[in-house]
Amino acid sequence: MKLREAAAALNLKRPMKARKNGNANKLASEDRAFHDWYRFVLSFPPHLVRDYVKDFGLTKNSVVLDPFCGTGTTLIESKLLGLKTVGLEANSFAHFAASTKLDWDIDSDQLLAKSRDIAYTALELLRLQGLDDQHSLGKIPKKLRLRTLDADTEKLILSNSISPLPLHKTLVLLDCMKEMEKEKYYHHALLALGNALVYKISNLHFGPEVGVRNIKSDVSVVGNWLAEVEKIASDIKSISGKKYPQSQIYLGDSREIANFIAPHSIDAVITSPPYPNEKDYTRTTRLESVLLGFVNSKEELRALKKTLVRSNTRGVYKADDDDKWIDAYPEIQKIAGEIEERRIALEKNSGFERLYARVTKLYFGGMARHLADLRQLLRPGAQLAYVVGDQASYLRVMIRTGELLAKIAVALGYEHVRTDLFRTRLATATKEQLREEVVILRWNKKE
């Protein structure tokens, strides 16, 4: 069946403003400011937020919520449009990134001046150690003992995700940055290092999964950090004198969202929750989370994972019981059954593979918990846009995520207005085009 025929069969509509499929999820150059201070590779783009702000007819009195706010795309774009925003994020580094990206009330000149002082100090320290940050010497000075992570901390990050010399220079720079940690702009300087670490200093590569590729024995750390600081300072300076609404972001579990946000306070939700795709989202932020002090032990990592909607087998725990929320959904039970039957037929018996069926039910159960808890926050007439993708990660059994999410929402009292087709993407396992959709819901009740 051709894509166009499949879309018609499923009553899918195209987005309001059609874009080429390959560019639909990319950050346009004109949208760079604030968004690219730090951004997930797979983040949805600002133009999608603008489309639904317009489609929903939101005004400056509207309050927009992103309950899975990640690095803050919905909140930043809505704030730029003059809307009040509230966000919730369970990943501590993503929460830090979004909070910092939304804090435009700092002195950009002070940030830049102090950062240049710090850079000078760090470069001098490295020079005294026989290192040149800008030009690789090709070898490490014999008498230099490189700084490293302790053994337990090193186990938290992907092997070879950062080479020894860049790691040493990063730890030296971090020590120098302590001189500014009481300043209001310290978080901006720290986020600049986080972004430089991921995209310029580390050996990380983002395919569909995060991995290691093209190992760099040396790279400029101080120079790349300072370039990121200059970008942030320039963006802050560009809005000098302008007024924007305040944004509030909470660190917490979206399945317990009513613990954080006032009842009957939300006019619109624009968000993208995790997909049931066996992707451990904590790996995406692991290097910067560990090096910058947001995750310091296995126990902290486990505690973080327990606050996430279960979407992969590396985040499933014995006491998990979100699956009880979808006992009454035969479609989901059938999918879980097909996954388990295929696992047995293929003799896939690893610990992770045995959890494929269970995590599928836990995922939809977690989303049901979230949608149920969310109801008390919504004003009558509130409109919701959930960006989700179909998946075939579990032994190629197709999971129509948007279709199932819409059915759960309707059972919880929401109106399913329509489903928009956002884009298609190639599944690496099946080589088929999978749909990424926007499920549009409305809350019409007064309670």
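What follows is a chat between a visitor and a guide about strands and salt bridges in this predicted model.

Visitor: Let's start with strand S3. Is S3 largely enclosed or left open by the rest of the structure?

Guide: Buried here means under 20% relative accessible area. In strand S3, residues 84-89, 5 of the 6 residues are buried, so the rest of the structure largely encloses this strand.

Visitor: Which strands pair with S3, and how do they run?

Guide: There's strand S2, residues 63-66, which is joined to S3 by 4 bridges, and the two run parallel. The chain gets from S2 to S3 by way of helix H3, residues 73-80, and this β-α-β crossover is right-handed. Then there's strand S6, residues 247-251: 5 bridges join S3 to S6, again in parallel.

Visitor: Which residues could I look up to see those pairings?

Guide: Try leucine 65, whose bridge partner in S3 is valine 86. For the S6 pairing, go to glycine 87 and find its bridge partner, isoleucine 249. While you're looking at strands, here's a handy general idea: in a regular strand the side chains alternate between the two faces of the sheet.

Visitor: Now the charged residues. How should I read a salt bridge?

Guide: Side chains of opposite charge can pair when their charged atoms come close. In this structure the count comes to 36 salt bridges.

Visitor: Which parts of the chain does the pair of lysine 114 and glutamate 179 link?

Guide: Lysine 114 and glutamate 179 have their closest N and O atoms 2.7 Å apart. The pair links distant parts of the chain, 65 residues apart: lysine 114 sits in helix H5 (residues 108-128), and glutamate 179 in the loop between helix H7 (164-177) and helix H8 (186-201). Glutamate 179 has 52% relative accessibility, so it counts as exposed.

Visitor: And arginine 423 with glutamate 436: are these two buried or exposed?

Guide: Arginine 423 is at 16% relative accessibility, so it counts as buried. Glutamate 436 is buried too, with a relative accessible area of 6%. Their closest N and O atoms are 2.5 Å apart. Arginine 423 lies in strand S9 (residues 415-426) and glutamate 436 in strand S10 (residues 433-443), so their salt bridge ties together parts 13 residues apart in sequence.

Visitor: Where else should I look?

Guide: Take aspartate 253 and arginine 255: both are buried, and they form a salt bridge with the closest N and O atoms 2.6 Å apart.

Visitor: Which residues are linked in a network of salt bridges?

Guide: Look for Arg32, Asp36, Lys200, Glu228, Lys231 and Asp235, which salt bridges link into a network.

Definitions and conventions: Residues numbered from 1 in each chain as written. Predicted model: local features only at pLDDT ≥ 70, side-chain atom pairs only at ≥ 80, totals over all residues. Heavy atoms only, no water. Buried < 20%, exposed > 50% of the residue type's maximum accessible area, 1.4 Å probe, protein only. Pairing = 2+ DSSP bridges. Right-handed = clockwise from strand over helix to strand, strands pointing away. Salt bridge = Lys/Arg side-chain N within 4 Å of Asp/Glu carboxyl O.
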